Amino acid sequence: MRQFIITGMTCSACSARVERVVKKLPGVDSCAVSLLTNSMNVEGPASDSEIIAAVVKAGYGAKVKDAETKSKSLTQDEELLEDHDTPVLKKRLIYSVGFLLVLLYMSMGHMMWNFPLPAFMENNHVMMGIIQLLLAAIIMVINQKFFINGFRNLLHAAPNMDTLVALGSAASFAYSTWALLAMTQAQLVGDSQAVLGYMNEFYFETAAMILTLITIGKMLEARSKGKTTDALKGLMKLSPKTATIIENGVEKVVPVENLRRGDVFVVRPGENIPVDGIIIEGSSAVNESALTGESIPVDKAQGDTVSAATINQSGFIKCEAVRVGEDTTLSQIIKMVSDAATTKAPIAKIADKVCGIFVPAVISIAIITIIIWLLLGKNFGAALYYGIAVLVISCPCALGLATPVAIMVGNGIGAKNGILFKNAVSLEETGKIKIVALDKTGTVTAGEPEVTDVIPAGGFSETDLLKLAYSLETKSEHPLARAIVSKAEAMKLKSDDVSDFQALAGNGLTAKIENKNLIGGSLKFISSKISISDEINRRAETLAEEGKTPLLFASDDKLAGIIAVADVIKPDSVQAVKELQDMNIRVIMLTGDNERTAKAIGAQSGISEVVAGVLPDGKESIIRNLKNEGRTAMIGDGINDAPALTRADIGIAIGAGTDIAIDAADVVLMKNSLLDVPAAIRLSRATLRNIHQNLFWAFFYNVVGIPIAAGVFASVLGWQLNPTFGAAAMSLSSFCVVTNALRLNFFKVHDKKGNSSWASMINPRY
């Protein structure tokens, strides 16, 4: 996928126009344009020059986004997201309001409330008209961008919101200028009655007021849109600018973009870690909240990995750079959030289609409105009045912004909480899932065996049994052996030196301590060596039924006891499964483990549907069948889960899993917590609700506002809309849509009670 920077877009009709012309090019498979980030994503073999030429021909600017280095890429992204519009619009607004107040004093203040005027202007209606013309013209020059963009796009057969504003203001100004010229003729012949009549035909204040009110709306919209990208801008600011490397034994501070894989860098307490690396010396507690949303620091020691933008809180550490530039975890997160902003959610397609024909349709409606009122006997001024009202009340931006602003805010909230949606489609679709298939190892369980039970026998104590097992297992590389070694080391036990160590594949271990023969292994293996009581047999069987692996140990043909080892359930898995089930989502566990262990883990975690003994292709096949029963999500962390993650409607990768699983998934959970699965679903549903609200009000505003502006209800109900009020409504409509999307920032992804109250606040059905 290639990214382009687009310039000259002012509303959603512009982005729809750019998207449409690029999609028509041969060799373009897909195209998505974001008005929020002024960027475009294109897939397909079409050349960059062809794409840029098409955009330029459509009346906009385009250039390829430079992504040679992380530094350049982030600098460009920050520049794109910087709010350059608000200061310019603020200055325009101040000047416009200043001249508009004088104009309103002369037009409405004097004409309606007899406000006094200078003596030289008293009863000089032509002079009053000329001054109003000059003041309106000054305001039009201040806001010339509306006319430049609007008429340029009209000439390119791609009218946008600026076109509607420009046409409305220009029509008011042109008609008022005609009335002023007619007034001079009436004064020349001494027709004072006609002179006064033409004074009522002046709409100079309307021409100026439209521009001023739309500028207010544009400024409010720009400020609100800037806040929708706060999460992305915050992530970019986390990127460290310098790093302290060790070069020829000497510490040296260098720009972070100069770091290369394999460089050794040091991080002192309180400093940010510059790139992803591995600790080669020292230990510390690292605050990873910037990436995972988890505020509790994580203890790190030699051999552990560290990530860019996390904070070293305690010890001095020396690290080797592993991932630099755009390969760091932070850069990948920024890319995911940015890509999600520039992709289109399925629901956005409806609004995009409407925006593509909206402005031409409004111009047509305005012309038809003028013609109908003329046919009904209204004079041209009155008919034009209705036509201008139609032009200035219509707002395609409200429709065009309804989806992307909510997607941007929702995606930002997810990033803050360690939930990364790779694109807008995944953010929308996650909330629609009906079935969740969970991998067992590393997803429901911790993925690393732990000692769960120590049952001594034959006069041995727990310490004696663990010390014997520790001495025997310390030379083994089996995962179960590592669990026993970790338990013994945690208890600070010391192992005895063993000799004649032997590992019997699939059975157990044998060794000697001084003159004693030690054996350890499965119940079957130990039973073949020594006599085992019925009580010990029953205990071993019970442990096995609980999903644990019983390991028996003996010394000189005397049983020392049983140590049970198991891949234990994560502390939050039971709660996560319960939350999913409370959301009416069917939960299934898939595992390659044996059926007895799988059912035991399922029972402990509250999962009634368990499919055991499945290979990677088997998982993929099961997901394919589940999709026929409802929208299905697959949650996994290993290489063997990648086919199923890809096959599922939504693939969700546990963040601590393999790169292959993360690459195959649509959603990545950075905190390695299963509780983030229901959190991601809740966030998706809240975002979709927000989009529905935005679209409803945007459609409702235009569907109701345009007929009122056209005067449809004027004769029946007496409803008549002044173009000035129409401009005010237009200026506020987009602002209201963006502001509604910003309310998503108050949504708490893990708070079920808060979630319910928040939902009920915005939608009584929840």
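This is a short dialogue on reading a sheet, a helix pair and one loop residue in a predicted model.

Reader: What kind of model is this, and how are residues numbered?

Author: It is a predicted model, where local features need pLDDT of at least 70, side-chain atom pairs count only at pLDDT 80 or more, and totals for chains, interfaces and linings use all residues. Residues are numbered from 1 along each chain as its sequence is written, and side-chain values use heavy atoms, with hydrogens and water left out.

Reader: What is the strand order in the open sheet of 6 strands?

Author: Strands are DSSP runs of E, at least two residues; helices are runs of H or I, at least four; both are numbered from the N terminus. Two strands pair if DSSP finds at least two bridges between them. Here the order is β6-β5-β7-β13-β8-β11, with antiparallel pairing. β6 (250–255) and β11 (305–306) each have a single partner strand, so one side of each lacks a neighbour in the sheet. β8 (residues 276–281) pairs with β11 over 2 bridges.

Reader: How do α14 and α27 pack?

Author: Two packed helices are described by the angle between their axes and the distance between the axes. Axes are lines fitted to C-alpha atoms, for helices over the stretch in contact (heavy atoms within 4.5 Å). Angles run from 0 to 180 degrees between N-to-C directions. Helix α14 (residues 380–393) and helix α27 (residues 676–710) pack at about 165°, with axes 8 Å apart. That makes α14 roughly antiparallel to α27 (over 145 degrees).

Reader: Where is methionine 491?

Author: Methionine 491 lies in the loop between α19 (479–490) and β17 (499–504). Its C-alpha atom is 9.0 Å from that of threonine 463, 28 residues apart along the chain.

Definitions and conventions:
Angles under 35 degrees count as roughly parallel, over 145 as roughly antiparallel, 65 to 115 as roughly perpendicular and the rest as oblique.
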